[in-house]
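Trainee: I would like to take a close look at a single part of this model and then see how other parts compare in kind. Please start with one residue and work outwards.

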Amino acid sequence: MIQSFKYITCLLLCFLVSAISFADEIEVNGIKYEVIKKAKVAILLDAYNCKSSDVNIPSSVTYEGVECEVTKIQGSAFTTCEQIESFYFPNSIKEVWGDAFKLKYNNANSVHISDMNAWLNIDFRNESANPLYRADNFLLNENIVTEVSIPSGFTKVNQYVFINCKSLKKVNIPNTVTEIGSGAFYGCISLKEATLPKSVRRIKSDAFRSCEALESVTIPNLVTEIEWCSFWGCKSLKKVVIPRSVKVIESGAFAGCEELTDVYCYSTIIPNTDLSAFENSQVEYATLHVPANLIIQYKSKFPWKRFGKIVPIK
């Protein structure tokens with residue numbers, strides 16, 4: 001028994017020692033990396049000593065003659081950097097952890113990429129994991145991004161992927177996409193055209209929050225829940241079409257939509273709707289269109305009864 005315990009302990013110690021030896025830290029141009037030479041990958045840890053105003057994140061770093069691909073950026077990596085004006089993002093990054101670009105001292109002027117497909121595949125762990133969170137311009141091959149066509153084959157628009165992209169005016173989403181991630185288009189204040197394909201099953205929280213130029217939205221027939229603040233603060237939103245598949249509308253889903261004039265709700269059973277779903281949207285001046293046999297029920301139920309007019313769908 002004792003010999004067995006010693007053997008297991010020895011194996012664990014050997015494993016820990018070998019695991020520790022796999023990773024080494026290096027610094028290149030004021031940026032610290034953890035390199036795993038055997039796997040030929042590197043993680044950007046922090047840029048505490050980075051003094052450059054233009055940060056060019058490399059696609060790889062070399063350690064002891066081995067080229068290691070930079071695939072991940074650690075949380076809070078650039079938090080303490082001062083006077084950064086631009087970020088140049090490589091195609092190798094797959095994952096960025098929380099608050100990596102939560103700059104304390106200033107906004108960056110621009111984020112530069114060379115491959116939109118690579119950008120669409122990045123897993124941004126929270127809103128400030130994306131450098132667009134604190135940047136004024138987004139450039140693809142040195143051209144300001146105004147329109148994006150997501151390639152067929154993508155099944156998800158990743159969370160926070162276009163957060164705060166002020167220049168984006170139009171997005172084309174293919175029929176292969178089933179989910180719009182949290183905050184995917186949060187703060188895209190110029191986004192006017194965003195047609196959701198029939199394939200979409202889920203629109204997650206904050207997905208189109210503060211898209212101030214968006215004028216109309218038709219929720220696809222496979223969506224069962226409109227999550228909280230999905231369209232919060234869409235100040236130009238005039239028309240909303242809600243299919244009969246929707247069973248739940250969460251808090252703030254359409255709050256702050258000041259120009260709302262018409263809401264079409266095809267549900268044959270009144271959706272379970274949070275009282276704040278249409279808060280500050282001045283629905284007392286808007287018209288709610290519902291199945292004729294449900295008008296009395298809608299007129300007696302909050303927040304629907306707040307609509308100025310409730311009429312049958314024609």
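Trainee: Between which two strands does the loop that holds Pro131 lie?

Mentor: Pro131 sits in the loop between β10 (123–124) and β11 (135–140). Those names come from DSSP runs, numbered from the N terminus: helices are H or I over at least four residues, and strands are E over at least two. The model is predicted, so local features need pLDDT of at least 70 and side-chain atom pairs count only at pLDDT 80 or more, while totals for chains, interfaces and linings use all residues. Residues are numbered from 1 along each chain as its sequence is written, and side-chain values use heavy atoms, with hydrogens and water left out.

Pro131 has a relative accessible area of 1%, so this residue is buried. The word has fixed cut-offs: buried is under 20% relative accessible area, exposed is over 50%, and partly exposed is in between, with a 1.4 Å probe and protein chains only. Along the chain, Pro131 and Asn107 are 24 residues apart, and their C-alpha atoms are separated by 9.5 Å.

Other loop residues can be read in the same manner. Asn280 belongs to the loop between β24 (272–273) and β25 (287–290). With 62% relative accessibility, Asn280 counts as exposed. Its C-alpha atom is 5.8 Å from that of Ala255, although 25 residues separate the two in sequence. Asn158 is a loop residue as well, placed between β14 (156–157) and β15. Its relative accessible area is 16%, so Asn158 is buried.

Some loop residues have a backbone detail to note. Asp99 is not a glycine, yet its phi is positive, at about 65°. Asp99 lies in the loop between β8 (95–96) and β9 (108–113), and with a relative accessible area of 25% this residue is partly exposed. Ser210, also not a glycine, has a positive phi of about 60°. Its loop runs between β18 (202–203) and β19, and at 14% relative accessibility Ser210 counts as buried. In the loop between α3 (295–299) and β26 (309–312) you will find Pro303. The peptide bond leading from Phe302 to Pro303 is cis, and its omega is near -5°.

Now turn from loops to strands, where pairing means that DSSP finds at least two bridges between two strands. Strand β1 (residues 23–28) runs antiparallel to β2, and 6 bridges join them. One position to locate is Ala23, whose bridge partner in β2 is Ile36. The hairpin of β1 and β2 has 2 residues between the strands, and in this hairpin Asn29 takes a positive phi near 55°.

On to the next pair: β2 and strand β3 (residues 41–46) are also antiparallel, with 5 bridges. Here Tyr33 has Leu44 in β3 as its bridge partner. Between β2 and β3 the hairpin has 4 residues, and Lys40 takes a positive phi near 60°.

Strand β2 (residues 31–36) deserves a look at its side chains. In a regular strand the side chains alternate between the two faces of the sheet. In β2, Ile31, Tyr33 and Val35 point to one face and are buried. Lys32, Glu34 and Ile36 point to the other face and are not buried. If you follow Tyr33, you therefore have a residue on the buried face of β2 that is bridged to Leu44. Ile36, bridged to Ala23, points to the other face.

Last, consider a sheet whose pairing is parallel. It is an open sheet of 3 strands, in the order β13-β15-β17. β13 (147–149) and β17 stand at the edges with a single partner strand each, so each has one side left without a neighbour in the sheet. Strand β15 (residues 170–172) is joined to β17 by 3 bridges, and the two run parallel. Within that pair, Val171 stands opposite Ala194 in β17. The loop that holds Asn158 runs between β14 and β15.

To return to your starting point: Pro131 is placed in the loop between β10 and β11, and at a relative accessible area of 1% this proline is buried.
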